[in-house]
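Hi everyone, thanks for making time this morning. I'd like to take you on a short walk through one structure, so please have the viewer open and follow along.

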Amino acid sequence: MLRLENITLCQDENIVLRDASLELHNNEFVYVIGRVGAGKTSLLKSLYGEIPIREGTAHIMGYDLRRIKNGEIPYLRRQLGIVFQDFQLLTDRTVARNLEFVLKATGWKRRNDIRMRILEVLTQVGMQNKGYKMPHELSGGEQQRVAIARSLLNDPKLILADEPTGNLDPETGRQIVRLLHAICRNGKSVIMTTHNYTLVDNLPARIVRCEKGGLYELK
């Protein structure tokens, strides 16, 4: 699913990661931990083609990230679910319309199929009765649940969650991470970045530390 070997990752000519390696298998949950600015977000951006990988070997979902063409990146991203810290919902439309927008943008055409898929993913995240709501009418935790539902729309095998609890209170954050663990148990792999070590201790999984330009497995 994911194999990085001795990669070098740069942003604005600054080296973010050097000689870093990471493997991820099916149905695996991995925390990438580290302080703010350690390179966690840059790592995730490289996995969906926003930041180029300069050196090393990098394969994800059958794509070679060192040689991927710009025209292939949208197809790679359809195989990934991406969850952001700040939700990134469209504020001018309802929850259901937010999800409909993504489905139509990725090639869904039949109205009934779209309606059923929206209901399916909202049910997965416990928001099946909130499709008519506007984003500003939802709590932060509810908005993040919608963002997770959005990430599931095209049934990706891998979810990339970038500090998904960063804007949430501690209890809501725990609920969101429990939801991501449940999604993993139902057949997805998850990479979640965080600097909240309490969450990691309370909801354990495999841990990789991002520190001093490297990735280090914690036993």
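Let's begin with a strand pair: S9 and S10 run antiparallel to each other and are joined by five bridges. If you want one contact to click on, take Cys210, whose bridge partner in S10 is Leu215. Before I go on, please keep in mind that this is a predicted model.

Between those two strands, S9 at 206-211 and S10 at 214-218, there is a loop, and Lys212 sits in that loop. Is Lys212 buried or exposed? Lys212 is exposed, because its relative accessible area is 79% and the cut-off for exposed is over 50%. Now pick Lys133 as well: 79 residues separate Lys133 from Lys212 along the chain, and their C-alpha atoms are 43 Å apart.

Let's zoom out to the sheet. S9 and S10 belong to an open sheet of six strands, and reading across we get S6-S7-S8-S3-S9-S10, with mixed pairing. Which strands stand at the edges? Those are S6 and S10; each has a single partner strand, so each has one side without a neighbour in the sheet. On average, neighbouring strands here are turned by 20° against each other, ignoring direction.

One helix to look at against this sheet is H6, residues 170-185. H6 lies across three strands, namely S3 (29-33), S7 (158-162) and S8 (189-194). Relative to S3, helix H6 runs at about 140°.

While we're on strands, a general reminder for anyone colouring side chains: in a regular strand, they alternate between the two faces of the sheet.

Now please move to another set of strands. S1, residues 2-11, and S4, residues 53-60, are antiparallel and share six bridges. Leu2 is bridged to Ile60 in S4. Ile60 also stands opposite Tyr63 in S5, so to speak handing us on to the next strand. S5 covers residues 63-64 and is joined to S4 by two bridges, again in the antiparallel sense. What do S4 and S5 form together? They make a hairpin, with two residues between the strands. Have a look at Met61 in that turn, which has a positive phi of about 50°.

Last topic: pockets. The largest one holds about 530 Å³ of space. It is lined by 19 residues, and the closest to its centre are Arg77, Leu80, Ile82, Val102 and Arg150. Which elements each supply at least two residues of that lining? They are helix H2 (73-78), strand S6 (80-83), helix H3 (95-105) and helix H5 (140-152). The most comes from H3, which gives four residues. Sorted by class, the lining of the largest pocket has nine nonpolar residues, six polar ones and four charged ones.

The second largest pocket has about 190 Å³ of space. There are 14 residues in its lining, and those closest to the centre are Thr41, Lys45, Phe84, Gln85 and Asp162. Helix H1 (40-47) and S6 are the elements that give two or more residues to this lining, and H1 gives the most, with three. By class, the lining of the second largest pocket has five nonpolar, four polar and five charged residues.

If you keep one element on screen, try S6: it is an edge strand of the sheet, it contributes to the lining of the largest pocket, and it contributes to the lining of the second largest pocket too. Thanks for listening, and I'm happy to rotate anything you'd like to see again.

Technical notes:
Residues are numbered from 1 along each chain as its sequence is written. This is a predicted model: local features need pLDDT of at least 70, side-chain atom pairs count only at pLDDT 80 or more; totals for chains, interfaces and linings use all residues. Side-chain values use heavy atoms; hydrogens and water are left out. Buried means under 20% relative accessible area, exposed over 50%, partly exposed in between (1.4 Å probe, protein chains only). Two strands pair if DSSP finds at least two bridges between them. On a 1 Å grid over the protein atoms alone, a cavity is a set of points where a 1.4 Å probe fits but cannot get out, and a pocket is an open set with protein on both sides within 12 Å along at least five of seven lines; lining residues have an atom within 4 Å of a point. Grid points are joined across faces, edges and corners, and a volume is the space filled by probe spheres set on the points. Ala, Val, Leu, Ile, Met, Phe, Trp, Tyr, Cys and Pro count as nonpolar, Asp, Glu, Lys and Arg as charged, and the others, Gly among them, as polar. Axes are lines fitted to C-alpha atoms, for helices over the stretch in contact, and angles run from 0 to 180 degrees between N-to-C directions. Contact means heavy atoms within 4.5 Å.
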